[in-house]
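Here are my notes on the model you sent. They go from the strands in the middle of the discussion to single residues, and end with the chain totals.

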Amino acid sequence: MRIAFVGPPQSGKSTLFRAVTGQPPSSHPVMGEQMASVKVPDPRLDVLAAMYKPKKYTEATIDVLDVPGFSHETASQQAEFRKALPSIRQSDAIVAVVRAFENPSVPPYRNRVDPKADLDELLSELLFCDLDTVTTRIERLEKALTKPTKTHEQEKKELELMRRLQQALESEQPVTTAIETDEERKALASYAFLTELPLVVVINVNESQAAAPPPFVCEHARATIALCAETEEQIAGLEPADRQAFLDDLGVKVPARDRLIQVCYDAVGLISFLTCGEDEVRAWSVRKGSTAVEAAGKIHTDLARGFIRAETVAFEDLKAAGDMKAAKAAGKVRLEGKNYIVQDGDILNIKFNV
Ligand SMILES: Nc1nc2c(ncn2[C@@H]2O[C@H](COP(=O)(O)OP(=O)(O)OP(=O)(O)O)[C@@H](O)[C@H]2O)c(=O)[nH]1
Ligand SMILES: [Mg+2]
């Protein structure tokens with residue numbers, strides 16, 4: 001899974017990127033794109049690690065993408081952003097980062113502090129990019145339909161759908177609002193529309209505002225989070241022991257970065273299943289609704305091919321029992337077949353034969 005940090009220039013995207021990825025602060029501004037892998041924090045793994053004392057401890061991971069800021073101000077800024085579009089399109093969610101603090105690095109003519117207006121401008125651009133794709137496709141289809149072809153019926157159907165998307169986008173609605181069936185969604189997948197991606201909004205506020213509720217909530221977003229990217233970067237740079245003391249001082253339980261990662265994970269529709277043993281405790285990501293055999297395939301294709309059954313126990317049941325033996329004795333360990341729908345926090349032991 002990949003999430004893309006998108007927003008106006010100097011809104012704190014790269015600062016948040018470093019906070020989330022744990023990369024060291026940089027003294028020079030980052031040009032262009034950068035990508036890094038992030039471990040998804042999962043306290044359940046700590047419980048399993050205490051139980052199994054494994055040699056290895058492996059979190060699920062997601063990729064984070066940082067791109068240049070978007071602005072209409074100069075042609076070069078616009079070109080830089082457009083260059084990053086293909087990478088943004090390949091992402092599974094967009095995190096829009098907008099600035100709610102005074103920033104001396106922003107030229108005075110642009111230094112309004114208006115996160116809501118900045119967000120609207122950004123979302124309009126995303127809509128516009130999709131509208132561009134749709135319009136081009138409509139022109140092609142209309143041209144194709146003037147000639148008799150074998151695919152006539154299919155093209156007519158697609159044209160109807162594209163016109164519906166066009167209408168939605170022109171009334172400033174994301175394409176998701178115009179897609180009616182799964183079949184349509186699949187047919188449109190190759191266009192990788194930006195307004196089809198789940199959206200999370202981050203309002204980058206001053207440290208003094210970080211604990212307060214967000215100043216506004218975006219209706220198109222799965223979640224709106226207020227945080228101070230600079231503070232988050234500091235927290236990420238601390239030793240674990242100092243980190244807790246710092247968080248206690250701020251009066252928060254978990255860093256905002258952890259909340260952000262979790263929110264993105266949920267927005268994309270991912271859940272984690274867990275595997276455990278003396279060699280390794282590990283979290284794996286799958287889409288919500290995945291079956292046991294699909295989960296097995298994440299671990300290794302052999303496990304899916306030779307799948308017999310999945311020994312399954314819910315994390316909470318294992319934790320309550322204390323260990324696997326006790327969980328079995330309490331009848332909490334089930335044998336599930338190929339089509340079992342995996343739940344978040346299921347601990348799976350795949351029995352297979354190849
Ligand atoms: N006060 C304050 N300053 C911040 C915060 N986050 C970032 N900054 C400052 O804002 C400036 C821009 O931060 P970046 O993270 O580089 O912003 P960006 O969005 O990546 O900028 P571009 O890539 O140029 O679009 C830097 O001087 C940061 O130190 C914050 O939460 N509070
Ligand atoms: Mg940057």
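1. A residue is called buried here when its relative accessible area is under 20%, exposed when over 50%, and partly exposed in between. By that cut-off, strand β5, residues 93-99, is mostly covered, with seven of its seven residues buried. Please keep in mind that this is a predicted model.

2. The two sides of β5 can be listed separately. A93, V95, V97 and R99 point one way, while I94, A96 and V98 point the other way, and all are buried. R99 is thus one of the buried residues of this strand, along with the alanines and valines named above.

3. Which strands pair with β5? One partner is β1, residues 2-6, which pairs with β5 in the parallel sense over four bridges. Within that pairing, I3 stands opposite A93 of β5. Another partner is β6, residues 199-204, which runs parallel to β5 and is joined to it by six bridges. Here A96 of β5 stands opposite V201 of β6, and V97 has V202 of β6 as its bridge partner.

4. Strand β6 is also mostly covered, since six of its six residues are buried. On one side are L199, V201 and I203, and on the other V200, V202 and N204; both faces are covered. Beyond its pairing with β5, β6 is joined to β7, residues 223-227, by five bridges, and these two strands run parallel. V201 has T224 as its bridge partner in β7, and V201 also stands opposite A96 of β5.

5. V95, in strand β5, deserves a separate entry. V95 counts as buried because its relative accessibility is 0%, and the cut-off for that class is under 20%. Leaving aside neighbours within four places in sequence, V95 is in contact with I3, A4, F5 and V6, with V200 and V202, and with L260 and C264. Of these, I3 to V6 fall within the residue range of β1, and V200 and V202 belong to β6. The C-alpha atoms of V95 and P198 are separated by 8.6 Å, although the two residues are 103 apart along the chain.

6. P86 makes a useful counterpart, as a residue of helix α3, residues 75-89. Is P86 buried, partly exposed or exposed? P86 counts as partly exposed because its relative accessibility is 45%, which lies between the cut-offs of 20% and 50%. P86 and L194 are 108 residues apart along the chain, and their C-alpha atoms are separated by 10.0 Å.

7. T275 lies in strand β8, residues 270-276. Its relative accessibility is 14%, so T275 counts as buried. The side chain of T275 makes a polar contact with the side chain of W284, at 3.0 Å. Not counting residues up to four places away in sequence, T275 touches E280, V281, R282, W284, I299 and L348. W284 therefore appears both as the polar partner and in the contact list of T275, a contact being heavy atoms within 4.5 Å.

8. Two backbone angles should be checked by eye. Most residues other than glycine have a negative phi. K53, which is not a glycine, has a positive phi near 40°. K53 is found in the loop between α2 (43-52) and β3 (56-58), and counts as exposed because its relative accessibility is 66%. E172 likewise has a positive phi, of about 60°, although it is not a glycine. E172 is found in the loop between α5 (152-170) and α6 (182-188), and is exposed, with a relative accessible area of 55%.

9. For the chain as a whole, the model has 13 helices and 12 strands. Of the 354 residues, 46% count as buried. The C-alpha atoms fill a box of roughly 65 × 60 × 30 Å along the principal axes. Among contacts between residues at least 6 apart in sequence, 65% join residues at least 24 apart.

10. The chain exposes about 18400 Å², and carbon and sulfur atoms supply 50% of that area. There are 44 positive and 53 negative side chains, with the centres of the two sets 6 Å apart.

Technical notes:
Residues are numbered from 1 along each chain as its sequence is written. Chains are lettered from A and ligands numbered from 1 in the order in which they are written. This is a predicted model: local features need pLDDT of at least 70, side-chain atom pairs count only at pLDDT 80 or more; totals for chains, interfaces and linings use all residues. Side-chain values use heavy atoms; hydrogens and water are left out. Buried means under 20% relative accessible area, exposed over 50%, partly exposed in between (1.4 Å probe, protein chains only). Accessible areas come from the Shrake-Rupley method with a 1.4 Å probe; for residues, only the protein chains shown count as cover. Lys and Arg count as positive and Asp and Glu as negative; His and the chain ends are not counted. The place of a charge is taken as NZ of Lys, CZ of Arg, CG of Asp or CD of Glu. Two strands pair if DSSP finds at least two bridges between them. A polar contact is a pair of N or O atoms within 3.5 Å; within protein, one must be able to donate a hydrogen and the other to accept it, and residues adjacent in sequence count only if both atoms are side-chain atoms.
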